[in-house]
Amino acid sequence: MNQKVPITIAHGDGIGPEIMEATLKVLRASSAALDYREVEIGEKVYLAGHPTGIEDSTWETIRQTKAFLKAPITTPQGGGFKSLNVTIRTTLGLYANVRPCVSYHPFVATKHPEMDVVIVRENEEDLYSGIEYRQSPEVCESIKLISEPGSEKIIRYAFEYAKRNNRKKVTCFVKDNIMKLTDGLFHAVFNRVAKEYPNIESDHWIVDIGAAKLADTPELFDVVVMPNLYGDILSDVGAQIAGSVGLVGSANIGDHGAMFEAIHGSAPRRAGQNVANPSALMLASVLLLLHVGLKHEAEAIHNAWLKTIEDGVHTYDIFKEGVSKQKVGTKEFADAVAGNLGQKPSELKAVSYGESKIEKEPVFKRTPIKVKRKLVGIDVYIYSNLTLEEFEKNMTSESYGEFKLEMISNRGARVYPGGMPETFCIDQWRVRFMHEGLCTQEDLLDLLKSLIKGRWDIIKTEHLYEFNGEPGYSSPKG
Ligand code: NAD
């Protein structure tokens, strides 16, 4: 007899316990060989004094099982409570967030009857690395980090996903016309990885027009991969325009575990009334079954769910007079899906996972990149309330030895040389010094000491490097 696959389950808060019960009813009815290990996370744990909403002992269960089916939780209002999702994501290294956004026309109202898009969002980097500073009374900074291995991992995941699921095209969304280094890196890695998949079409859109196209004509897209922030926003847009956030489940995939959940929250106002739609968590459980290799059960549940939707058995959120046949509660919907196991939809396209390969990701190995790296100068950020004229005069009246003062910028706009008097300046300035010979770290320290002696208030510095002769820093605007 096959051994049961251990999985962790958490019932969550609000509508969580009801939709989890409904999902478990269907999983059990499918006879999926799962060994369920229950853990408590969320509101009660937060209020018991754990600022992350999860107890230390729970990690061990999640680590052992490697697959986690999580109902939505309520994050208590007020300060001090950390996002449990972010904690789980970063602790387990869940780098890929996968959200299939499919429309179920004509059974669920949608403006996009042909929509079938999978959004693959990078989950760990970008503006979500959480590195923020208040640099001066007037300026806060958030650091956008994009790494070559981080980009390669997620882009490779998107192409592998496409290959496994017979998808035809992978599209990349970035804003590299503006963020030439960070988004430029993501785009360059995309182009490199795409060449390894000649049978999958690849294309690229600047995220603003790409987002507009996605909202207008989603049928143009198949698998779309993007950095964290764009993915966060556009995966919600994708889910909503497909029909409802109540119908979309997501997978968070990592090298050491995976978490599956509904994309919606705990909807506390609907809790305890047997009205919530359990579809998103049910579809998340289908993603889990595929991940652990139980593809026949995944297929049976997915098709039974499609048949239920097609039969017009709908919860209140998708119920539409004239389209729906029967308005049901959470439990009754689960009974209907369990009753349809073994059946397939006749109008909606039935899924077939029988031939699909098991979702096991190869653990990504980082290879250090060998490039010639040369220190060429430094950007010094300075706090000052001087006017542009005064700042420029004071800064340029000094000499800096082997360093040449190359430019001064304010909020990224060049104000020296060739600045415009109209440029609105705030209390944070960036001064770029380039070394005229062979630059060392000691040279930088000497420069900083001379600036401090000159009473400049240094906020931070960024060393400037060339990589294989190419500048590793952006030029100022203007
Ligand atoms: P929400 O998604 O919980 O609910 C918004 C509205 O959408 C609800 O009022 C309801 O009308 C509808 N809705 C959502 N899911 C539904 C379902 N399955 N069936 C029927 N209707 C449904 O968003 P919110 O109100 O902004 O957040 C409520 C709580 O959920 C907050 O504490 C928030 O922090 C938390 N949250 C948790 C997660 C998570 O655990 N992954 C995600 C998002 C929000």
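This is a short tour of a predicted model, with stops at the ligand, three helix pairs and three places in the backbone.

**The ligand**

Start by selecting the ligand and the residues around it. The shell holds 19 residues, and the closest are Gly265, Ser266, Ala267, Asn277 and Tyr316. Sorted by class, seven residues of the shell are nonpolar, seven are polar and five are charged.

Now show the atoms of Ser266, Arg270 and Tyr316. Which part of Ser266 faces an oxygen atom of the ligand at 3.0 Å? The partner is a polar backbone atom of Ser266. At Arg270, look at the side chain instead: one of its N or O atoms is 3.4 Å from an oxygen atom of the ligand. Tyr316 also uses its side chain, where an N or O atom is 2.9 Å from a nitrogen atom of the ligand. Taken on its own, the ligand has 810 Å² of accessible area, and the protein covers 68% of it.

**Helices α5 and α6**

Next, select residues 148-164, which form helix α5, and residues 182-194, which form helix α6. The axes of this pair are 9 Å apart, and the helices pack at an angle of about 45°. An angle of about 45° is neither under 35 degrees nor within 65 to 115, so α5 is oblique to α6. Where α5 passes α6, the crossing is right-handed.

**Helix α1 and two partners**

Keep α1 (residues 16-29) selected for this stop, and add helix α9, residues 279-291. These two helices pack with their axes 9 Å apart, at an angle of about 45°. That angle makes α1 oblique to α9. Their crossing is right-handed.

Then swap α9 for helix α11, residues 330-339. How do α1 and α11 lie relative to each other? Their axes come within 9 Å and cross at roughly 15°. Angles under 35 degrees count as roughly parallel, and α1 and α11 are therefore roughly parallel to each other. The crossing of α1 and α11 is right-handed.

**Three places in the backbone**

For the last stops, show the backbone atoms. Most peptide bonds are trans, and most residues other than glycine have a negative phi. The next residues depart from one or the other of these habits.

Select His105 and Pro106. The peptide bond that joins them is cis, with omega about 0°. Pro106 sits in the loop that runs between β4 (96-102) and β5 (116-122).

Move on to Tyr416 and Pro417, which are also joined by a cis peptide bond; here omega is about -10°. The loop that contains Pro417 lies between β17 (413-416) and β18 (428-435).

Finally, select Arg411. What is the sign of its phi? Phi is positive at Arg411, about 50°, although this residue is not a glycine. Arg411 belongs to the loop between β16 (403-410) and β17.

Terms used
Residues are numbered from 1 along each chain as its sequence is written. This is a predicted model: local features need pLDDT of at least 70, side-chain atom pairs count only at pLDDT 80 or more; totals for chains, interfaces and linings use all residues. Side-chain values use heavy atoms; hydrogens and water are left out. A residue is near a molecule or strand if one of its heavy atoms lies within 4 Å of it. A polar contact is a pair of N or O atoms within 3.5 Å; within protein, one must be able to donate a hydrogen and the other to accept it, and residues adjacent in sequence count only if both atoms are side-chain atoms. Accessible areas come from the Shrake-Rupley method with a 1.4 Å probe; for residues, only the protein chains shown count as cover. Ala, Val, Leu, Ile, Met, Phe, Trp, Tyr, Cys and Pro count as nonpolar, Asp, Glu, Lys and Arg as charged, and the others, Gly among them, as polar. Axes are lines fitted to C-alpha atoms, for helices over the stretch in contact, and angles run from 0 to 180 degrees between N-to-C directions. Helices (H or I, at least four residues) and strands (E, at least two) are DSSP runs, numbered from the N terminus. Angles under 35 degrees count as roughly parallel, over 145 as roughly antiparallel, 65 to 115 as roughly perpendicular and the rest as oblique. A crossing is left-handed if the near helix is turned anticlockwise from the far one by less than a right angle, and right-handed if clockwise.
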